[in-house]
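Got your viewer open and a selection tool at hand? Let's take a walk through this one, stop by stop.

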Amino acid sequence: MPEQQQKKTILVVVAHADDMEFMAAGTIARFIDELGYDVYEYILTDNSKGSYRLSSEELVRVSAEEARAAGDILGLKEVRLEGYVDGDLADIPVNVLRGKIMSMIREVRADIVMSWDPFAPYEEHPDHRRVATATLEAAHFGGSPLFYPDHEYKPYQTSELYWFAKVPANAALFVDISATIDKKIKALLAHDCQMALTVDMLAREAEILGIDVPMLKNPDADTRAQLIEMGIRNHFGAVGEKAGFAFAEQFRYERIGMIEEILGLPARGSDFD
Ligand SMILES: [Zn+2]
């Protein structure tokens with residue numbers, strides 16, 4: 001941990017209710033528990049397509065409740081749901097999304113913004129690609145008064161970006177989450193309908209491949225939890241191995257601004273360097 005840092009505000013912008021927990025909840029828990037930062041989550045869709053079991057209407061309601069429960073476990077200041085139709089985010093003009101995200105950056109005065117990496121390769125989900133691009137633009141220009149001058153809130157310049165990806169590229173920041181992996185798993189398990197989806201997808205995959213996995217045959221809630229916990233420990237354990245940690249989350253860290261370069265000062269790193 002570097003020298004005494006001032007308290008920062010973080011905005012996490014995602015497409016779906018459980019994106020943040022899967023990709024970054026261990027790091028978010030450290031920001032809150034160790035550094036005392038305020039963290040806000042902005043979920044842009046209504047999560048209405050993520051199930052083999054529930055109707056879209058049920059999913060919208062249940063996933064919102066679960067997102068708030070997970071937010072409580074992590075200690076988020078607020079979980080805000082924008083409610084665009086799941087899967088259709090790319091149909092919303094990017095200037096509209098950029099404006100919405102920029103407005104929230106300005107409202108909460110976000111020093112750090114976290115989202116899907118707009119430059120990571122092989123991202124298949126159109127919602128992830130869209131939220132990534134809109135967030136990149138909103139964070140870079142939120143401090144410029146002539147961008148969206150009609151906003152209710154004053155311009156505010158974000159200075160740090162944490163980008164996550166399923167296939168990370170140029171992502172050199174490994175955050176040690178060994179102390180927060182249990183909380184990450186707990187927050188993830190709060191998304192029960194999404195964890196059921198993950199397990200249903202695994203069951204279909206096993207069936208197609210002809211692999212017999214007894215745990216995947218009509219699993220109850222406990223078995224589902226065991227499967228998710230095993231998957232998370234295996235995946236984030238493998239990420240941690242790359243950096244010498246028991247468990248880690250991986251980010252492409254970006255700092256906005258050029259003062260160090262202009263003044264010839266050493267480049268500042270993240271809170272976890
Ligand atoms: Zn997602």
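What follows is a tour of the metal site, some charged pairs, the aromatic rings and the largest pocket.

**Before we set off**

This is a predicted model, where local features need pLDDT of at least 70 and side-chain atom pairs count only at pLDDT 80 or more, while totals for chains, interfaces and linings use all residues. Residues are numbered from 1 along each chain as its sequence is written, and side-chain values use heavy atoms, with hydrogens and water left out.

**Stop 1: the zinc ion**

Select the zinc ion and show the side chains around it. Which residues are its protein donors? They are His16 (through ND1), Asp19 (OD) and His128 (NE2), lying 2.0 to 2.1 Å from the ion. Along the sequence, the donor residues follow the spacing H-x2-D-x108-H. Asp19 sits in helix α1 (residues 19-33) and His128 in helix α4 (residues 126-141), so this pair ties together parts that are 109 residues apart in sequence. Helices here are DSSP runs of H or I with at least four residues, strands are runs of E with at least two, and both are numbered from the N terminus. A donor is an N, O or S atom within 2.8 Å of the metal (3.2 Å for Na, K and Ca), and because water is not among the atoms, sites may look incomplete.

Now colour by accessibility. Asp19 counts as buried, at 6% relative accessibility, and His128 is buried too, at 5%. (Buried means under 20% relative accessible area, exposed over 50%, and partly exposed in between, using a 1.4 Å probe and protein chains only.)

**Stop 2: charged pairs**

Side chains of opposite charge can pair when their charged atoms come close. The structure holds 24 salt bridges, each being a side-chain nitrogen of Lys or Arg within 4 Å of a carboxyl oxygen of Asp or Glu.

Start with Glu124 and Lys166, whose side chains meet in a salt bridge at 2.8 Å, N to O. They link distant parts of the chain: Glu124 is in the loop between β4 (112-116) and α4, Lys166 is in the loop between β5 (160-164) and β6 (173-176), and they are 42 residues apart. Glu124 is exposed at 54% relative accessibility, and Lys166 is partly exposed at 40%.

Next, select Glu249 and Lys184. Their closest N and O atoms are 2.6 Å apart, in another salt bridge. Glu249 belongs to strand β7 (residues 248-255) and Lys184 to helix α5 (residues 181-189), so the pair ties together parts 65 residues apart in sequence. Are these two buried or exposed? Glu249 is buried, at 0% relative accessibility, and Lys184 is buried, also at 0%.

Two more selections here: Arg252 with Glu254, a salt bridge with closest N and O atoms 3.9 Å apart, and the network of salt bridges that links Lys8, Glu160, Arg255 and Asp271. Both Arg252 and Glu254 are buried.

**Stop 3: the rings**

Show the Phe, Tyr and Trp side chains. There are seven aromatic pairs in the structure. Rings (for Trp, the six-membered one) pair if their centres lie within 6.5 Å; planes under 30 degrees apart count as stacked, over 60 as edge-to-face and the rest as tilted.

Phe31 and Tyr162 have ring centres 5.5 Å apart and planes at 85°, so this pair is edge-to-face. Phe31 is in helix α1 and Tyr162 in strand β5, 131 residues apart. Both Phe31 and Tyr162 are buried.

Tyr162 also pairs edge-to-face with Tyr253, at 5.2 Å centre to centre and 75° between the planes. Tyr253 lies in strand β7, so its pairing with Tyr162 in β5 ties together parts 91 residues apart in sequence. Tyr253 is partly exposed, at 21% relative accessibility.

Now add the rest of the cluster: ring pairs link Phe31, Tyr37, Tyr162, Phe251, Tyr253 and Phe272.

**Stop 4: the largest pocket**

Switch to a surface view. The largest pocket holds about 1100 Å³ of space. Of its 37 lining residues, the closest to the centre are Asp18, Phe22, Lys166, Thr198 and Met201. The elements giving two or more residues to this lining are α1, α6 (192-209), α7 (221-241) and β7, and α7 gives the most, with nine.A pocket is an open set of points on a 1 Å grid over the protein atoms alone, where a 1.4 Å probe fits, with protein on both sides within 12 Å along at least five of seven lines; lining residues have an atom within 4 Å of a point. Points are joined across faces, edges and corners, and the volume is the space filled by probe spheres set on them.
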